[in-house]
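Trainee: I have the sequence and the 3D view open. Can we go through it strand by strand, then turn to the annotated sites?

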Amino acid sequence: MSSRFPTTRLRRLRRTPALRDLVRENTLSAEHLIYPIFVEEGLDEPQPINGMPGQYRIPESQLADEARRLAALGLRSIMPFGVSHHKDDIGSDALSGTGLLARMTRTIKEAAPELVVIPDICFCEYTTHGHCGVICDDHVDNDITIANLGRQAVIAAAAGADMVAPSAAMDGQVAAIRAALDDAGFSHVPIMAYSTKMASSFYGPFREAAGSTLKGDRKAYQMDPMNGREALRESLQDEAEGADILMVKPAMAYLDVMADIRRHSLLPLAAYQVSGEYAMIKFAAQAGVIDERAVVRESLGAMRRAGADLILTYFAAQLLEEGL
Ligand code: PBG
């Protein structure tokens with residue numbers, strides 16, 4: 001006998017909070033979150049970042065306290081970006097054992113040894129021109145830059161980095177870094193590759209946050225946002241070069257790419273919710289048109305659903321303060 005009523009009622013499992021919790025497919029928790037922070041040398045007080053309400057450039061002199069505060073909140077992993085006052089044309093500060101990259105890595109590890117410290121490995125924060133590597137004849141030279149990225153990764157590892165995250169978008173950078181780390185006795189240090197990194201306009205507020213001097217764009221090395229097949233190729237190439245973790249960046253506009261990589265690789269996958277994504281949520285919430293708390297969880301939940309294991313987000317500290 002066919003019923004006059006629906007036989008399939010998906011609402012049955014939505015009736016109470018406990019039933020909804022019981023069948024929830026994806027969750028967020030502290031161990032999946034990585035918090036990117038900006039650390040500036042020669043600064044006295046935290047500087048608010050205008051494009052990223054709630055985020056500050058942290059004075060290097062206050063970094064130890066901030067690391068302890070974040071660890072006490074329950075943060076597990078952190079990605080420090082340096083805001084350098086010692087820029088030159090190749091970014092040599094990042095190649096020095098006493099430069100900002102090395103100092104901030106050491107400071108965090110000493111203050112909060114339990115934090116997983118994953119420095120960004122790139123030169124754009126340390127070069128006067130703001131590009132991610134060494135300029136030769138009007139372009140960023142790939143092979144000179146990857147040799148330098150290898151040296152930079154060794155500097156970070158020697159300072160105590162638990163993992164390195166190359167973001168310069170150079171060909172062969174993962175293989176070059178792996179070889180350099182192995183040669184220097186750091187074969188145990190994993191590489192989280194920014195493996196699918198778009199030349200995205202969602203990085204807007206980061207330029208202010210990191211004190212970038214870039215004029216122009218990075219389209220000659222970062223990926224064209226229109227390309228999906230190439231996005232998969234980039235990640236599979238990094239896997240073949242020895243990456244331990246893959247990443248898609250930005251996140252929200254690239255969930256298709258994330259799901260595609262998830263189907264084609266067995267590696268852990270990270271999603272980077274970038275500065276512009278953070279800004280859109282913050283400013284929309286300030287305008288009173290969205291519920292910030294709910295939208296943050298919805299956007300990060302979508303990344304988990306698309307296959308991301310780890311999430312880099314500027315909301316990490318706030319999420320821990322509010323409770324996940
Ligand atoms: C360095 C780097 C950038 C970001 C992370 N690492 C800037 C860029 O590639 O232009 C952007 C992160 C963000 O917007 O939150 N290459």
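Trainee: Which residue in β13 is the bridge partner of I34?

Mentor: Keep in mind that this is a predicted model. Strands β1 and β13 pair in the parallel sense, over 2 bridges. In β13, I34 has as its bridge partner L312.

Trainee: Which residue of β12 also has L312 as its bridge partner?

Mentor: β12 covers residues 269-273 and runs parallel to β13. The two strands are joined by 4 bridges. The residue with L312 as its bridge partner is Y272.

Trainee: Which residues of β13 point the other way from L310 and L312?

Mentor: In a regular strand, side chains alternate between the two faces of the sheet. In β13, L310 and L312 share one direction, and every residue named here is buried. Pointing the other way are I311 and T313.

Trainee: How many bridges link β1 to β4?

Mentor: β4 spans residues 77-83 and is parallel to β1. One of the pairs puts I37 with P80. The bridges between β1 and β4 number 7.

Trainee: Which residue of β3 stands opposite E40?

Mentor: β3 holds residues 56-59. It pairs with β1 in the parallel sense, over 3 bridges. Opposite E40 stands P59.

Trainee: How many residues of β1 are buried?

Mentor: Look at both faces. L33, Y35, I37 and V39 point one way, I34, P36, F38 and E40 the other, and all are buried. The strand is therefore largely enclosed by the rest of the structure. The buried count is 8 of the 8 residues.

Trainee: Which helix gives the most to the largest nonpolar core?

Mentor: That core has 97 residues. Those with the most contacts inside it include Y35 and A153. With 7 residues, the helix that gives the most to this core is α4.

Trainee: Which residues is A153 in contact with, neighbours within four places in sequence aside?

Mentor: A153 is among the residues with the most contacts inside the core, and so are V164 and I177. Both of those appear in its own contact list. In full, A153 is in contact with I121, V164, I177, A180 and L181.

Trainee: Now the annotations. Why do K197 and K249 count as one spot?

Mentor: An unreviewed UniProt entry lists both under "active site". K197 is in strand β10, and K249 is in strand β11. They span 53 residues in sequence, yet they gather at one spot because their C-alpha atoms are no more than 5.1 Å apart.

Trainee: Is K197 buried or exposed?

Mentor: A residue is buried at 20 or more other C-beta atoms within 10 Å. K197 has 24 such neighbours. So K197 counts as buried.

Trainee: Which residues does K249 touch, not counting those up to four places away in sequence?

Mentor: K249 is buried too, with 24 other C-beta atoms within 10 Å. K197 is on its list. The full set is Y194, K197, M198, Y272 and V274.

Trainee: Which residue does UniProt list for "binding site"?

Mentor: The entry is again unreviewed. The residue is found in helix α7. It touches S195, T196 and M223, leaving out residues up to four places away in sequence. The residue listed is E234.

Trainee: How many residues of the shell around the ligand are charged?

Mentor: The residues surrounding the ligand include D120, R218, S167 and F206. The shell has 6 nonpolar and 2 polar residues. The charged ones number 2.

Trainee: What separates the C-alpha atoms of G51 and F206?

Mentor: G51 lies in the loop between β2 and β3. G51 touches G204, P205, E208, S275 and A279, residues up to four places away in sequence aside. G51 and F206 are 155 residues apart along the chain, and their C-alpha atoms are separated by 8.2 Å.

Trainee: Is T27 buried or exposed?

Mentor: T27 has its place in the loop between α1 and β1. The cut-off for exposed is 12 or fewer other C-beta atoms within 10 Å. T27 has 11, so T27 is exposed.

Terms used
Residues are numbered from 1 along each chain as its sequence is written. This is a predicted model: local features need pLDDT of at least 70, side-chain atom pairs count only at pLDDT 80 or more; totals for chains, interfaces and linings use all residues. UniProt positions are given in the numbering used here, feature names are shortened, and annotations may be inferred rather than shown by experiment. Two residues are in contact if their C-beta atoms, placed from the backbone, lie within 7 Å. Two strands pair if DSSP finds at least two bridges between them. A nonpolar core is a set of buried Ala, Val, Leu, Ile, Met, Phe, Trp, Tyr and Cys residues joined through C-beta atoms within 7 Å. A residue is near a molecule or strand if its C-beta atom, placed from the backbone, lies within 6 Å of it. Ala, Val, Leu, Ile, Met, Phe, Trp, Tyr, Cys and Pro count as nonpolar, Asp, Glu, Lys and Arg as charged, and the others, Gly among them, as polar.
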